[in-house]
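Welcome! Here is a short guided walk through a structure that may be new to you. Take a look at the picture, and then we can go through its parts together.

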There are 4 protein chains.
Amino acid sequence: MKFSFKNDYSEGCHPRILEVLAKTNLVQQNGYGLDDCCLNAEYLIQQKIKNPQAKVYFVSGGTQANLIIISAFLKPHESVVSAATGHIFTNESGAIEATGHKVHAIETQNGKIRPEDIQKIIDVHQNKPHQVKQKLVYISNSTEVGTIYSKKELVGLYQFCQEKDLYLFVDGARLGNALTAETNDLSLEDFSKYTDAFYLGGTKNGALIGEAIIINNENLQKEFGFHLKQKGAMLAKGRLLGIQFQELLKDDLYFDLAKHANQQAMKIKKAFQEIGCDFLSETFTNQIFPILSNSQIEKLSRNFDFYVWKKIDEVKSAVRLITSWTTTDEIVEKFIYEIKNLRIQ
Amino acid sequence: MKFSFKNDYSEGCHPRILEVLAKTNLVQQNGYGLDDCCLNAEYLIQQKIKNPQAKVYFVSGGTQANLIIISAFLKPHESVVSAATGHIFTNESGAIEATGHKVHAIETQNGKIRPEDIQKIIDVHQNKPHQVKQKLVYISNSTEVGTIYSKKELVGLYQFCQEKDLYLFVDGARLGNALTAETNDLSLEDFSKYTDAFYLGGTKNGALIGEAIIINNENLQKEFGFHLKQKGAMLAKGRLLGIQFQELLKDDLYFDLAKHANQQAMKIKKAFQEIGCDFLSETFTNQIFPILSNSQIEKLSRNFDFYVWKKIDEVKSAVRLITSWTTTDEIVEKFIYEIKNLRIQ
Amino acid sequence: MKFSFKNDYSEGCHPRILEVLAKTNLVQQNGYGLDDCCLNAEYLIQQKIKNPQAKVYFVSGGTQANLIIISAFLKPHESVVSAATGHIFTNESGAIEATGHKVHAIETQNGKIRPEDIQKIIDVHQNKPHQVKQKLVYISNSTEVGTIYSKKELVGLYQFCQEKDLYLFVDGARLGNALTAETNDLSLEDFSKYTDAFYLGGTKNGALIGEAIIINNENLQKEFGFHLKQKGAMLAKGRLLGIQFQELLKDDLYFDLAKHANQQAMKIKKAFQEIGCDFLSETFTNQIFPILSNSQIEKLSRNFDFYVWKKIDEVKSAVRLITSWTTTDEIVEKFIYEIKNLRIQ
Amino acid sequence: MKFSFKNDYSEGCHPRILEVLAKTNLVQQNGYGLDDCCLNAEYLIQQKIKNPQAKVYFVSGGTQANLIIISAFLKPHESVVSAATGHIFTNESGAIEATGHKVHAIETQNGKIRPEDIQKIIDVHQNKPHQVKQKLVYISNSTEVGTIYSKKELVGLYQFCQEKDLYLFVDGARLGNALTAETNDLSLEDFSKYTDAFYLGGTKNGALIGEAIIINNENLQKEFGFHLKQKGAMLAKGRLLGIQFQELLKDDLYFDLAKHANQQAMKIKKAFQEIGCDFLSETFTNQIFPILSNSQIEKLSRNFDFYVWKKIDEVKSAVRLITSWTTTDEIVEKFIYEIKNLRIQ
């Protein structure tokens with residue numbers, strides 16, 4: 001069986017999570033997120049982001065987090081601004097529109113959006129109320145193409161949003177990877193200071209399932225539980241989510257796992273650089289997009305699985321390689337060995 | 001700490017599930033329900049219901065199952081008929097209406113609906129298209145008040161629905177308890193023959209989370225995956241759901257757990273009967289609703305937790321007691337001992 | 001051809017409206033409700049209700065008014081309370097649910113709801129956020145069964161709503177008839193003081209089409225235009241609506257027409273009373289519901305059209321008779337003559 | 001007061017409509033579109049399109065027609081393809097998304113879309129069910145920039161849609177202008193043969209309000225009335241719509257009015273051409289978009305009203321001029337006189 005670099009959710013969960021699930025298994029807990037583990041995990045997050053006023057809610061996946069947050073925050077006539085590569089725009093089967101809201105797409109170079117991009121969307125929607133009202137900006141960090149926002153960029157976006165009466169919401173399905181990238185200058189605390197809401201992804205970083213939604217804007221916290229329930233996201237055994245985030249966050253496990261994934265990706269990236277590869281985007285997280293010839297792709301595919309991401313021309317395509325907390329040194333070395341063998345072409 | 005009879009989802013999962021999660025933890029699997037475990041669990045279910053044409057989808061909870069099934073099956077102008085006690089009508093924060101569909105409620109004696117009840121709803125909606133079109137009948141088995149449908153009742157409902165061009169959908173969050181009740185005469189196979197769709201609850205019967213949706217009606221299977229994705233129910237690590245149902249269904253574990261819960265409830269019921277209690281509804285599953293005096297409730301509450309369900313008059317209320325696969329003989333005996341002490345009043 | 005008492009929208013419009021349409025026909029006006037006629041009609045309404053802060057919007061029909069108001073005012077997890085006879089609950093093909101909101105129905109004696117009825121709905125929805133949040137009370141005046149609210153009743157409802165943080169919205173499709181009923185003690189001004197929003201029906205009172213929505217609660221006025229546009233209610237030729245309300249309201253025409261309809265109904269009611277008829281509800285507006293024997297119904301049907309409204313028993317049914325501004329004395333006399341002939345049975 | 005070329009809905013309606021409204025005013029008719037006039041207007045349309053199987057429904061405006069048709073035809077996971085200039089994408093305040101459906105936008109040169117444009121949208125949505133399913137193609141004729149489709153183009157689109165299992169729906173708010181353009185080679189009958197549904201605009205072509213929806217695809221006709229009612233579009237006095245279309249279509253009035261509007265626009269276009277103007281798009285209908293210098297715009301604005309449509313550079317903008325059935329020769333001559341005076345710059 002080939003090893004798969006297709007994604008960072010191919011395996012189960014970090015062993016410490018299985019241990020703590022076993023240990024707490026027969027303790028009776030309240031249902032629906034009111035258990036001790038969820039409450040404690042919320043407390044741990046409030047500490048880490050230095051914001052005791054923040055509210056934390058646990059859900060089972062990213063699309064669920066996105067659609068609940070956006071539909072809870074917006075009124076019927078309000079819309080969302082996203083990068084064209086944004087997960088909500090392109091990969092959630094119209095989940096946001098299904099809750100009634102338009103998503104405006106911005107074409108970008110690197111998956112990141114800038115104040116001037118948002119301003120252009122606003123500019124072409126001046127004929128209100130015949131045109132929808134822009135109210136929320138959605139960004140991902142790390143982005144769908146593996147890039148990350150700098151502190152300057154995030155603060156700039158937040159200030160712009162504040163001026164324009166827009167909410168800023170960050171999809172953090174891979175926030176761990178962003179925060180532990182070697183080029184990162186943002187802290188978890190910054191996401192509490194410079195966003196209205198964000199989430200911390202568990203599914204792609206060592207949990208069985210689970211994303212922790214953090215709402216900083218106190219006006220938006222009000223009655224959020226109804227939305228979780230109404231959209232089918234309030235698990236009877238909410239403890240399952242609480243236990244996992246408690247374990248991941250009680251020390252540095254969450255960040256150690258993400259950092260490991262990044263480091264393995266960087267080793268692979270370096271190997272591709274050494275054989276002279278170009279990349280679709282310049283990334284320092286756990287996703288890399290080397291551009292390979294068709295025959296190189298064919299060779300690498302013999303022993304490894306990955307997605308061919310984007311056709312560049314008749315003879316070349318970019319592939320996507322994703323590492324995770326489970327990617328061992330042994331696998332990386334074996335893969336790098338094969339990369340080196342691609343050189344002679 | 002008091003033992004809680006509040007619900008059947010206070011604990012984690014059956015130990016065999018933890019074992020198999022650990023055993024399979026590092027095996028790489030496809031995402032989004034396309035893993036071997038989901039495919040195998042689907043096969044096991046098709047075998048058990050003797051219907052290889054059925055399609056099986058795994059989701060994380062009951063409200064999610066209900067809202068996705070109903071919104072996928074109906075067109076915008078179609079409505080649902082439910083008992084007034086039905087979970088979708090009263091306990092899902094308007095989840096069905098949030099997808100655009102009206103739910104008609106039928107007042108019942110015992111949580112069960114009959115063809116004549118549905119006919120009455122149809123009769124008062126003859127002024128079409130000014131009135132909404134009834135298209136789907138929702139029932140729960142066991143019901144929210146612990147009762148179960150007989151084979152004659154289910155077949156009668158299904159035939160009526162076929163005649164009236166209505167879909168029949170069964171919420172089986174506690175279907176295991178229904179099928180293992182001493183008074184039950186329905187088989188799992190019957191639910192494949194006499195419904196358009198139903199689901200088999202895991203959350204309340206030994207799983208960490210998870211419900212298995214089974215769609216029998218082939219017209220309704222088409223493109224169902226889009227609805228799972230759009231509503232945020234398609235877990236990246238779908239394996240978590242597949243592994244659990246595989247383990248619960250590979251032998252009789254699923255039914256053994258439900259039967260155990262029922263038996264413990266019946267012992268407690270008998271103890272209440274022996275001290276002369278009346279009950280809110282006559283149940284043979286894992287939910288019982290004895291009517292107690294306020295002082296009896298107060299006494300029982302000292303060492304046990306449970307919900308006071310419905311006020312009967314100034315001095316009496318019905319309480320709800322729920323047992324589960326985790327309810328030990330020791331706990332039951334201790335509780336029965338306290339019930340016996342209630343007699344002298 | 002038989003004369004029809006089926007409804008109050010069988011004819012076109014009052015001749016003065018045709019005249020003013022002709023007179024203004026070639027004057028160029030702004031589109032989308034920004035024309036002089038809409039602005040002037042808004043001003044006339046603000047004067048009549050003595051509330052210059054109120055905002056007025058014109059739409060083409062009652063279902064449209066109801067669904068836009070309710071969906072604009074509510075957040076996704078909020079619900080509506082209505083009488084079971086309420087137009088939104090029973091006769092709008094699920095229009096409110098189609099915007100995502102649950103409607104709770106109250107069974108009533110006379111189509112009117114009281115604070116204690118609403119309190120009961122709230123009482124059985126204490127398990128929040130598992131249960132939906134009640135936020136808006138919908139009443140009709142006159143009601144769907146022809147009855148009207150007294151000032152004491154309206155003020156009582158409004159005070160209750162204020163205490164419970166509920167909006168009060170009045171469907172005034174037949175508000176003209178309510179306000180000119182002989183037993184009425186409410187003024188148009190009262191609807192500005194004691195509701196959050198209401199509308200003044202044109203379609204059933206002399207206009208070709210049109211309802212005037214009046215929003216008193218300033219928080220709810222904000223950005224209402226978006227909702228009109230998004231729901232397809234913002235007519236390019238909004239002038240058509242403005243011109244009509246301007247004409248109906250520039251003097252007492254609107255109320256004269258409603259009063260005429262009521263008076264014709266009262267004459268017919270008296271005739272039925274004189275032959276000893278009972279009525280389904282006691283009404284003083286333009287709808288009456290006499291209970292007749294099957295043979296009486298058959299006789300009256302030879303020369304007149306009307307709806308058989310509700311079967312009382314095997315030999316009797318209530319019929320619905322509606323008069324309008326077009327119902328002439330001649331027709332009424334002819335009809336009364338036939339009523340008198342029913343006596344000898 | 002300045003004469004306005006801002007749009008084709010600034011005035012009331014053609015005098016013949018006022019006459020027939022007056023003539024039929026006191027005839028009693030059934031409500032909700034079941035009146036003789038609607039039935040007769042449907043018959044007239046079936047004759048004109050030579051398709052007795054087509055079903056016709058009358059609604060009050062274009063946004064309403066668009067949102068009802070699209071939401072009635074699509075299932076929750078299906079999406080719409082439109083030009084980026086399409087009315088539904090840019091000028092309906094998110095009305096389509098508010099019914100739950102995504103709209104994919106195609107950038108075009110001239111407001112028209114081609115099979116290859118749609119294919120590109122399909123190509124980038126191959127990751128189903130993570131990506132939404134394209135199901136309906138929306139085009140306008142004449143388009144929002146005044147251009148029209150040729151027969152070859154329409155037939156080509158329809159064949160492509162048939163092959164790809166897509167519905168083709170034509171927004172005909174200005175279909176009269178398209179069909180009477182000097183360069184047009186399409187007949188009304190073609191729209192019945194080569195579309196699943198389309199509508200015939202009244203509001204912008206001589207009616208007070210009203211659009212006639214024609215559904216050719218028999219599968220899509222089923223239960224359409226429910227959708228009209230549920231979205232608030234089923235007028236109690238549907239007669240108002242039926243009477244108007246009956247009058248417009250009983251002879252060639254509808255097309256004569258559109259042709260007049262086009263001819264007046266062409267005279268103005270020629271005058272701009274003679275002074276050497278460029279145009280934003282090449283049009284033969286009642287919309288023209290000459291590109292003028294800021295000072296030319298300023299001069300023309302002294303006596304005439306129109307929209308400055310699109311800034312070209314610091315010194316030039318395109319303006320939009322719309323003529324209608326009311327635009328007299330006198331006004332056109334006066335305007336052309338002023339255009340000629342712009343030359344000397």
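Let us begin inside chain C, where helices α6(C) and α7(C) pack at an angle of about 30° with their axes 9 Å apart. The two helices are therefore roughly parallel to each other. On the α6(C) side, the contact is made by C:Pro115, C:Ile118, C:Gln119 and C:Ile122, and on the α7(C) side by C:Gly156, C:Leu157, C:Phe160 and C:Lys164. Sorted by character, these contact residues give 5 nonpolar, 2 polar and 1 charged. Please keep in mind as you read that this is a predicted model.

Chain A has a helix pair to look at as well. There, the axes of α6 (residues 115-123) and α7 (residues 151-163) come within 9 Å and cross at roughly 30°. That makes α6(A) roughly parallel to α7(A), since angles under 35 degrees count as such. From α6(A), the residues in contact are A:Pro115, A:Ile118, A:Gln119 and A:Ile122, while α7(A) brings A:Gly156, A:Leu157 and A:Phe160. What is the character of the residues in this contact of α6(A) with α7(A)? They divide into 5 nonpolar, 2 polar and no charged.

**How the chains meet**

Now step back and look at whole chains. A turn of 180° with a shift of 0.0 Å along the axis lays chain C on chain D, with an RMSD of 0.0 Å. Of the interface residues of chain C, 100% are also interface residues in chain D, so the copies meet through the same surface.

Chain D can also be compared with chain B. A rotation of 180° superposes chain D on chain B with 0.0 Å of shift along the axis and an RMSD of 0.0 Å. The two copies are thus related as by a two-fold rotation axis. Here too the same surface serves both copies, as 100% of the contact residues of chain D recur in chain B. Which residue of chain D comes closest to the rotation axis? That is D:Lys75, whose C-alpha is at 3.5 Å.

The table sets out the two interfaces.

| Feature | Chain C and chain D | Chain D and chain B |
|---|---|---|
| Residues in contact | 48 of chain C with 48 of chain D | 18 of chain D with 18 of chain B |
| Buried area | about 3,900 Å² | about 1,700 Å² |
| Part of the area from carbon and sulfur atoms | 55% | 64% |
| Salt bridges | 0 salt bridges | 2 salt bridges |

Three residues are worth finding at the interface of chain D with chain B. D:His77, D:His130 and D:Phe226 supply 35% of the area that chain D buries there, more than any other three residues. You can also look for a salt bridge across this interface: D:Lys133 forms one with B:Glu223, and the closest N and O atoms are 3.0 Å apart.

**Salt bridges within a chain**

Over all chains, the count comes to 72 salt bridges. One of them sits within chain C, where C:Lys135 pairs with C:Asp165, the closest N and O atoms being 3.1 Å apart. This pair links distant parts of the chain, with its two residues 30 residues apart. C:Lys135 belongs to strand β5 (residues 133-140) of chain C, whereas C:Asp165 is in the loop between α7 (151-164) and β6 (167-171).

**Unusual spots in the backbone**

Most residues other than glycine have a negative phi, and most peptide bonds are trans. With that in mind, a few places in the loops invite a second look.

In chain C, a cis peptide bond joins C:Lys128 and C:Pro129, with omega about 5°. C:Pro129 is found in the loop between α6 (115-123) and β5 of chain C. Chain D has a cis peptide bond between D:Lys128 and D:Pro129, where omega is about 5°. D:Pro129 lies in the loop between α6 (115-123) and β5 (133-140) of chain D.

Which sign does phi take at B:Lys50? This residue has a positive phi of about 50°, although it is not a glycine. To find B:Lys50, look in the loop between α2 (36-48) and β2 (55-59) of chain B.

Key: Residues numbered from 1 in each chain as written. Chains lettered and ligands numbered in written order. Predicted model: local features only at pLDDT ≥ 70, side-chain atom pairs only at ≥ 80, totals over all residues. Heavy atoms only, no water. Least-squares fit on C-alpha atoms with pLDDT ≥ 70 in both. Contact = heavy atoms within 4.5 Å. Axes fitted to C-alpha atoms, helices over the stretch in contact; angles between N-to-C directions. Helix = DSSP H or I, 4+ residues; strand = E, 2+ residues; numbered from the N terminus. Parallel < 35°, antiparallel > 145°, perpendicular 65-115°, else oblique. Nonpolar A, V, L, I, M, F, W, Y, C, P; charged D, E, K, R; others polar. Buried area = accessible area lost by both parts, 1.4 Å probe. Salt bridge = Lys/Arg side-chain N within 4 Å of Asp/Glu carboxyl O.
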